[in-house]
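Work through the exercises below with the model open. Each task is followed by its solution.

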Amino acid sequence: MPAPGIRSSTPSGSRVSGRRPITLCTGQWADMPLAQLASKAAAWGYDGLELACWGDHLDVFRAAGSPEYCRRQLAIVERHGLRVFAICNALAGQLTCDPNDDPRSDGFAPPECRGNPERKRAWGIESMKRSAVAARNLGASVVTGITGSPIWHLLYRFPPCEEEAIEAGFRQFGATWKPILDVFAAHGIGFANECHPTSVAYDWVTAERALEAAGGHPALGFNFDPSHLHWQGVDPSAFIRHFGDRILHTHMKDAAVTTDGRASVLGSHLNFGHPERAWDFRSVGRGHVKFASILRALGHVGYRGPLSVEWEDSGMERERGARDSLAFLRGLTCTAC
C-alpha cells in the first residue's frame with residue numbers, strides 16, 4: 001500500500017541513471033499522435049513522458065483491461081528511449097466533485113454523458129478507479145490529477161454562506177474520494193492531487209483540509225505545481241517543506257504576476273494570454289517562480305521522482321518552449337539538486 005514517503009522511482013535500464021529524470025506531461029500535446037510526440041521529446045532530450053489520459057496517448061479503460069494495449073503504448077514510448085513514470089487523468093478527476101452543471105466540462109466525458117451532471121460524475125469516478133489499474137499495468141507508481149470542487153463557487157463569502165456549507169463540501173470530497181483511494185491503495189498506486197483552482201485543494205490551507213477530509217488516506221499525496229501557488233501568494237518552497245512526505249510527483253510550470261494596478265489576480269474575466277491579465281503562465285524559467293529554491297526544497301524532503309514539464313505559455317511557440325524548459329531545468333539540476 002502506498003504511504004507518505006513513497007516516491008516515483010527511476011525504472012531500471014533508464015537513461016536517467018545518476019541524475020534526476022525530466023519528463024514532459026503530454027496533456028498540452030494531445031492533438032499530436034503519441035508516436036510523433038515521443039519522437040520529438042526524445043530528440044529534445046527528455047527522459048520520459050507523463051501520459052495524459054486523452055487524445056491517443058492513453059485510454060485508461062483499455063489500459064486497465066488489456067495488458068496488450070499497455071504493451072503497445074509502452075513500446076511507442078520505449079522505442080525512443082523514454083519511460084513512463086506517471087499518468088495524468090486530470091479531466092476525469094475534475095468531474096468527480098465539480099457541479100458539472102454547465103457545458104464547459106462536457107468534453108471531458110464521452111458524448112453520452114454530456115448535459116447530465118451525475119452521468120459525468122459517475123464516469124469520472126470510474127475513470128479514476130480505472131486509472132489506478134492502468135498505472136499498475138504500465139509499471140508506473142503515480143496518477144496525477146485534480147478533483148473538482150462542489151464549493152469553489154463559494155470562494156468569496158458573499159452572499160454570506162454558513163460554515164456548514166463549506167464543511168459539507170469537504171465531506172462530499174471525502175465521501176467521493178475515499179472509495180477511489182481505496183482502489184489506488186489496493187493496487188499500490190499513489191494519487192498525486194494537484195492544488196489547483198476550481199478544486200477542493202487549491203492552496204496550503206485547503207490542502208490540509210482535503211487531507212483531513214480524506215482521513216489522511218495513505219494513497220493520497222500531492223502533485224506539486226508551483227505555478228498555481230505563486231500567483232495566489234503561497235510560498236511554493238514552504239509548501240514542499242510542510243507537505244514533504246506527501247509530495248508524490250511534480251509539475252514544472254512557471255507563472256508571472258504582472259498586475260498594472262487595473263486588473264486583479266482574480267483574472268478579470270480575461271482569457272489566458274490576454275495582455276491585460278494580471279498574471280499568466282510562462283514557460284519554465286521565463287516567469288517569477290524561484291525554481292532553484294524549489295529544487296533544493298525537494299531535495300531536502302527526499303523527493304527523488306521526476307520533474308515533469310507541464311508546458312503552458314500562450315506567448316511562446318510550444319516546441320521551442322519544450323526545449324527551452326528542459327534546458328533551464330537541466331542547468332538547475334546540475335547545481336541545485
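## Helix packing

H5 and H6 run roughly parallel to each other (an angle under 35 degrees). The model is predicted: local features need pLDDT of at least 70, side-chain atom pairs count only at pLDDT 80 or more, and totals for chains, interfaces and linings use all residues. Residues are numbered from 1 along each chain as its sequence is written, and side-chain values use heavy atoms, without hydrogens and water.

**Exercise 1.** Describe how H5 and H6 cross.

Step 1. Take the axes, lines fitted to C-alpha atoms over the stretch in contact. Those of H5 (residues 117-138) and H6 come within 8 Å and cross at roughly 30°.

Step 2. Assign the hand: the crossing of H5 and H6 is right-handed.

Step 3. List the contacts (heavy atoms within 4.5 Å). H5 contributes residues including Arg121, Ile125 and Met128, and H6 residues including Gln172, Thr176 and Trp177.

**Exercise 2.** Which helix gives the largest share of the largest nonpolar core?

Step 1. Define the core: buried Ala, Val, Leu, Ile, Met, Phe, Trp, Tyr and Cys residues joined through side-chain atoms within 4.5 Å. The largest has 81 residues. Among those with the most contacts inside it are Leu24, Tyr46 and Phe239.

Step 2. Assign the share: helix H6 (residues 163-186) supplies eight residues, the largest share.

**Exercise 3.** Why is cysteine 88 not bonded to cysteine 25?

Step 1. Apply the cut-off: a disulfide needs two cysteine sulfur atoms within 2.5 Å.

Step 2. Check the distance. The two sulfurs are 4.5 Å apart, too far for a bond. The structure holds zero disulfides.

Step 3. Check burial (under 20% relative accessible area, 1.4 Å probe, protein chains only). Cysteine 25 is buried at 1%, and cysteine 88 is buried at 5%.

Notes: Buried means under 20% relative accessible area, exposed over 50%, partly exposed in between (1.4 Å probe, protein chains only). Helices (H or I, at least four residues) and strands (E, at least two) are DSSP runs, numbered from the N terminus. Axes are lines fitted to C-alpha atoms, for helices over the stretch in contact, and angles run from 0 to 180 degrees between N-to-C directions. Angles under 35 degrees count as roughly parallel, over 145 as roughly antiparallel, 65 to 115 as roughly perpendicular and the rest as oblique. A crossing is left-handed if the near helix is turned anticlockwise from the far one by less than a right angle, and right-handed if clockwise.
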